[in-house]
Amino acid sequence: MVFPFLLSMKGFVDILAVTVIFTSISSQVKSDASKHIYQKGDPVPLYANWAGPYGNPSETFPYYSLPFCQPDPLKQKKQSIGEVLNGDHLASSPYKIDFRMEHKLQVVCGKNLTRHEVSLFRTAIEQDYLWEMYYDDLPFWGFIGYVRPGYFIFTHTDFKILYSGDHVIGILAMNTHPAELADGKEVDLNFTYAIMWQETNITFDKRMDEYIDISRHLPHNIKIHHVAISNSLWTVLILFGCLVVLYVRVLRKDIYEYASDQESARDHEETGWKILHADVFRYPKYKSLFAAAIGSGTQLLILSMLILVLGLTGLFHPYDRGVYKTALIISYAITCGVAGFFAVSFYHQLEGTDWMRNVFLTGCIFGGPLFLSFCVLNAVATIYGLTVALPIGGIVVIFLLWMCLALPLLLLGAFFGKVTDWHFQAPCHTSNCPREIPALHWYRGALPQMALAGFLPFVFIFIELYDIFDAVWGYRVYNLYGILCIVVVLVIIATAFVSVGLTYFQLAAEDHQWWWRSFLCGGSTGLYIFGYCFYYYFKSQMRGFIQTSFFFGYMACICNGIFLMLGTVGFRASLLFIRYIYGSIKCD
C-alpha cells in the first residue's frame with residue numbers, strides 16, 4: 001500500500017532541482033539584453049535597493065525613504081517571488097551608466113535639504129547606514145557618510161566598472177567629497193558622479209566569484225576547517241570504539257549467556273537491562289505528540305540533506321536574490337508528505353486511533369511556531385516600513401502554496417501512512433503492569449543527560465556556526481557546502497552514538513522510560529545552538545528592538561527544527577539498538 005506514496009516521491013529531487021533552476025532564472029533582474037550582452041552605448045539596468053544600519057542587516061528600509069536624488073519618473077521594478085522573500089525593494093536609480101561610456105563629472109541633482117531632511121541624514125550617518133544597488137545583477141554598496149567629529153555626507157561617487165568583451169564583470173563605488181550637515185540648519189548640496197571603465201580578463205561566468213569573501217579562502221582559515229573535521233573524525237572513532245568495548249565486554253557476554261543456555265540464565269537473578277524485557281517496549285506517554293515529533297523530524301532531516309545536495313551541485317550562487325529562500329519554502333512544502341506519512345504510520349504502530357489529531361500535531365509542531373513568529377515579525381516590519389515586510393501579494397502566494405501543495409501532501413502522506421499495514425516490531429512481550437522505576441541519582445535525570453548529550457555534537461559544528469551566522473545575519477558569502485555536508489554527517493553520527501550510549505546506561509539503571517529521553521537527548525544540540533545565538537548576538541554589532549526580535553524570533557524556530565531533526569536521529573538509533581539487544585536474548 002505504501003508503493004504509490006514512494007512512487008510519488010521518486011522524482012522528487014529532479015522536480016526540486018528544476019524548480020530551483022527556474023526560480024533562479026526568474027529571480028534575476030533582466031537587462032535589455034536577456035543574456036547580459038551589450039554594445040558600446042547600450043543602457044545597462046541600474047536599480048537602487050535599500051538603505052539601513054550596517055550592524056543590523058534585517059533592518060533595511062527602501063532606498064528612497066531617505067531624501068536621496070530621485071529620477072524622473074521614479075519606477076518600481078516588478079519583482080519575482082524570490083526578490084520579495086529576500087526583502088528587495090528595487091527602484092530605478094538617478095545614475096545613468098551606459099555600457100563603456102565614461103564621464104569625468106556628471107550632476108545627479110542639486111538639493112536644498114530642509115532641517116527635517118538634514119535630521120534624517122544625520123540619524124542615518126550616526127547609525128552607520130549603507131545603501132545597496134544592483135548594476136546588471138551585480139550588487140554594490142556604499143556608506144552615506146561618517147561622523148568625525150561632525151556629521152558629513154558624501155556628495156560624489158566614483159564608479160569603477162570592469163568589463164570583458166561585451167559583458168559587465170564588476171562594479172565598485174567609491175564615495176568622496178564629504179559635506180558637513182549642521183544640526184537644525186538647511187543646506188544646499190550638489191550630488192555628482194563619475195564613471196571609469198576598465199577591461200579585465202575575468203570571464204562572465206566567473207564574475208560572481210569576486211563577491212566571495214577572499215579571507216574565507218586563505219590557507220590558514222581553510223586549515224582551521226580541515227583540522228576541526230579531522231578532530232571530529234577522531235572523536236567519532238573514539239565514540240565508536242567505546243561502543244564496541246561496551247558490546248564486547250558487557251553486552252555480548254550477557255547475550256551469549258541467554259542465547260546459549262536458557263535454563264542457566266533462569267537460575268541467575270536478572271539484573272540491569274535484562275530485567276526490563278517486559279517493559280522496555282511499553283509505548284510512551286503522549287504517543288500522538290511523540291509520533292508527530294518523529295514525523296516532523298524525519299521531514300526536516302530529509303529537507304536538510306536535499307538543501308545540502310543542491311548546494312553541492314552549485315545551484316546557489318552569491319547574491320542570487322531569494323533563490324535559496326524560495327527553494328527552502330518549496331522544498332518544505334513538498335516534503336510535508338514525508339512528515340504526514342512517517343508520523344501517522346508510526347502513530348498506528350503505537351496503536352493510536354485519532355489519526356486526524358496526529359496530523360494536526362504534525363503540521364503544527366514545527367510550522368506552528370514558525371507561522372506565529374512570521375506573523376508577529378512581519379507585523380513589526382510593516383509597522384516600521386522595512387523592506388523585509390512581506391506584502392499582501394507575497395502572503396497570498398505563500399498561503400496558496402500551503403493550501404494547494406503543503407496541506408494536500410501532508411494529508412496524502414498521512415493517508416498512505418494510515419493504510420500501510422505496518423506493525424511495531426518488538427522482540428519481547430510487554431507486561432500488563434509497568435515495573436516500578438527505582439530511585440536514581442541526580443545525574444541520571446533528563447536535564448543532566450541532555451546537557452551531556454548535546455555538548456559533543458555541538459562541538460563538531462561549533463567552528464562552522466560563526467561563518468553560517470555571518471552569512472545568514474551578516475554580509476559574508478558562505479559556499480563551503482562540502483565541508484558543511486561532512487560536518488552535518490559527523491553531527492548525525494555523533495548524535496546517534498551518544499544517544500545509544502546514554503540509552504544503555506539508562507536501561508542499566510532499570511529505567512525503562514527511554515522513548516522521550518532518547519529524543520530529548522538527541523535534540524539537545526539544538527538548545528546549545530540557541531545558547532550560541534546569545535554569544536553571537538552580543539559579539540556582533542546587532543542592536544535595537546527590530547534586529548533583536550528578528551534574530552531571536554527566527555533563530556528560535558531554526559533551533560526548534562534542529563531539535564526535532566536530531567531528536568529523531570537519537571530515537572531511531574536507540575530503537576535499533578534496543579531491538580537488537582533484546583532480540584538477541586530469549587525472553588518470554
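A crossing of two helices is called left-handed if the near helix is turned anticlockwise from the far one by less than a right angle, and right-handed if clockwise. By that convention, the crossing of H15 and H16 comes out right-handed. Helices here are DSSP runs of H or I with at least four residues, strands are runs of E with at least two, and both are numbered from the N terminus.

A few ground rules first. The model is predicted, so local features need pLDDT of at least 70 and side-chain atom pairs count only at pLDDT 80 or more, while totals for chains, interfaces and linings use all residues. Residues are numbered from 1 along each chain as its sequence is written, and side-chain values use heavy atoms, with hydrogens and water left out.

Back to the helix pair. Two packed helices are described by the angle between their axes and the distance between the axes. For H15 (residues 515-539) and H16 (residues 545-583), the angle is about 155° and the axes lie 7 Å apart; axes are lines fitted to C-alpha atoms over the stretch in contact, and angles run from 0 to 180 degrees between N-to-C directions. H15 and H16 are therefore roughly antiparallel, a label for angles over 145 degrees (under 35 is roughly parallel, 65 to 115 roughly perpendicular, the rest oblique). The contact of H15 with H16 has 20 nonpolar residues, 11 polar ones and no charged ones, where Ala, Val, Leu, Ile, Met, Phe, Trp, Tyr, Cys and Pro count as nonpolar, Asp, Glu, Lys and Arg as charged, and the others, Gly among them, as polar.

On to strand pairing, which takes at least two DSSP bridges between two strands. Strand S10 (residues 187-199) runs antiparallel to S4 (residues 103-113), with eight bridges joining them; His-103 has Ile-195 of S10 as its bridge partner. Strand S8 (residues 151-164) runs parallel to S10, again through eight bridges, and Asp-158 sits opposite Ala-194 in S10.

Strand S4 also carries Cys-109, which is linked to Cys-69 in the loop between S2 (61-62) and H3 (81-85), 40 residues apart. The S to S distance of this disulfide is 1.7 Å, against a cut-off of 2.5 Å between cysteine sulfur atoms, and the count comes to one disulfide. The torsion about its S-S bond is about -60°, so the disulfide is left-handed.

As for accessibility, buried means under 20% relative accessible area, exposed over 50% and partly exposed in between (1.4 Å probe, protein chains only). Cys-69 is buried at 8%, and Cys-109 is buried at 17%. Cys-375 counts as partly exposed at 34%, whereas Cys-404 is exposed at 59%.
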